Amino acid sequence: MPCSKRSAVSLALVLMLGGGAAHAQVMEPDPGVRAALMEAVAEADSFDHPFDAEVWLLDMATRLDAYDAAYDDGLEILRVAHREASRAELPPELVLAVIDIESRFDKFAISHAGALGLMQIMPFWLEEIGRPNDNLFQIETNLRYGCAILKHYLDRENGDLTRALARYNGSLGKTWYPERVLEALSRRWYQR
């Protein structure tokens, strides 16, 4: 997908979700986010070579062992996280750090604010983009939405990761959430 389409998808998801994390604030749906989400949902691999996939998946799977994710679910989360992060032009390890903080890799997580799944997506976005039957507990759907939203916020903040993460969480102006994600990134999900 061309970069302009990716940016539009990312923007749409971010605006629609308005910070889809556990502490998300309800916002008026942004038409740009709606368009980006619709485009992201319509897309779909990310490794250039099978060996690269094997090395990355094995490395990340050993890091995922500390969580109670079932082996098959863990590998599926890793494969889909890599694909969706790459599609959205995000580092896959950053996406894993967000998942770590948002849900601790529990694909059925529900926040007190009603956000769902691995990346804690607010369900109102399903209606906003005309896809009310999408299942936010499905790994692929949740990660596609979450990556598009995070990328949108990163673009909106001109690459400022701290501000983008705070927007994702609905805590713009505070640094506690970005600090937690960046700590998880540096301690567990860093690239070797």
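**Entry 1: Arg104 and the loop after α5**

I started at Arg104, which lies in the loop between α5 and α6 (124-128). I kept in mind that this is a predicted model. I asked what sign the phi of Arg104 has, and found a positive value of about 55°, although Arg104 is not a glycine. I noted this because most residues other than glycine have a negative phi. Arg104 follows α5 in the chain.

Next I looked up whether Arg104 is buried or exposed. Its relative accessibility is 53%, and the cut-off for exposed is over 50%, so Arg104 counts as exposed.

**Entry 2: Glu89, on the other side of α5**

I then went to the loop between α4 (71-87) and α5, where I found Glu89. Glu89 is not a glycine, yet its phi is positive, near 60°. Its relative accessibility is 35%, so I wrote Glu89 down as partly exposed.

**Entry 3: The whole chain**

I stepped back to see how many helices and strands there are in the chain. I counted nine helices and zero strands. Read along the sequence, the pattern is α-α-α-α-α-α-α-α-α. The chain has 192 residues, and 53% of them count as buried.

**Entry 4: Helix α5**

I returned to α5, which covers residues 92-103. From its first C-alpha to its last, this helix of 12 residues reaches 16 Å, close to the 16 Å expected at 1.5 Å a residue.

How many residues of α5 are buried? I found 12 of its 12, so I noted the helix as mostly covered, given that buried means under 20% relative accessible area. Among the buried residues are Pro92, Asp100 and Ser103.

I picked Leu96 for a closer look, since it lies in helix α5. Leu96 has 0% relative accessibility, so it counts as buried. I also looked up which residues Leu96 touches, leaving aside its neighbours within four places in sequence. The contacts of Leu96 are Trp56, Met60, Leu78, Ala81, Phe105 and Trp189. For one of these I checked the spacing: Leu96 and Met60 are 36 residues apart in sequence, and their C-alpha atoms are 9.2 Å apart in space.

**Entry 5: Helix α3 and Arg63**

Met60 led me to α3, where Met60 is one of the buried residues. Trp56, another contact of Leu96, is also in the list of buried residues of α3. This helix has 15 residues and reaches 20 Å from its first C-alpha to its last, close to the 21 Å expected at 1.5 Å a residue.

I stopped at Arg63, whose place is in helix α3 (residues 50-64). Is Arg63 buried or exposed? Its relative accessibility is 6%, so Arg63 counts as buried. I also compared positions along the chain and in space: Arg63 and Arg188 are 125 residues apart along the chain, while their C-alpha atoms are separated by 6.7 Å.

**Entry 6: How α5 packs with α8**

I described two packed helices by the angle between their axes and the distance between the axes. For helix α5 and helix α8 (residues 161-169), I noted an angle of about 40° and axes 13 Å apart. That makes α5 oblique to α8. Their crossing is right-handed.

Which residues meet here? From α5 I listed Leu94, Val98 and Glu102, and from α8 Leu161, Leu165, Tyr168 and Asn169. Sorted by class, this contact has five nonpolar residues, one polar and one charged.

**Entry 7: How α7 packs with α8**

I stayed with α8 and turned to helix α7 (residues 139-156). The axes of α7 and α8 come within 8 Å and cross at roughly 135°. The two helices are therefore oblique to each other. This crossing, too, is right-handed.

On the α7 side I found Gly146, Ile149, Leu150, Tyr153, Leu154 and Arg156, which meet Leu161, Ala164, Leu165, Arg167 and Tyr168 of α8. The classes in this contact are eight nonpolar, one polar and two charged residues.

My last check was Leu150, in helix α7. Leu150 has a relative accessible area of 1%, so I recorded it as buried. How far apart are the C-alpha atoms of Leu150 and Ala164? They are separated by 7.0 Å, and the two residues are 14 apart along the chain.

Notes:
Residues numbered from 1 in each chain as written. Predicted model: local features only at pLDDT ≥ 70, side-chain atom pairs only at ≥ 80, totals over all residues. Heavy atoms only, no water. Helix = DSSP H or I, 4+ residues; strand = E, 2+ residues; numbered from the N terminus. Buried < 20%, exposed > 50% of the residue type's maximum accessible area, 1.4 Å probe, protein only. Axes fitted to C-alpha atoms, helices over the stretch in contact; angles between N-to-C directions. Parallel < 35°, antiparallel > 145°, perpendicular 65-115°, else oblique. Left-handed = near helix turned anticlockwise from the far one by under 90°. Contact = heavy atoms within 4.5 Å. Nonpolar A, V, L, I, M, F, W, Y, C, P; charged D, E, K, R; others polar. Expected span 1.5 Å × (residues − 1).
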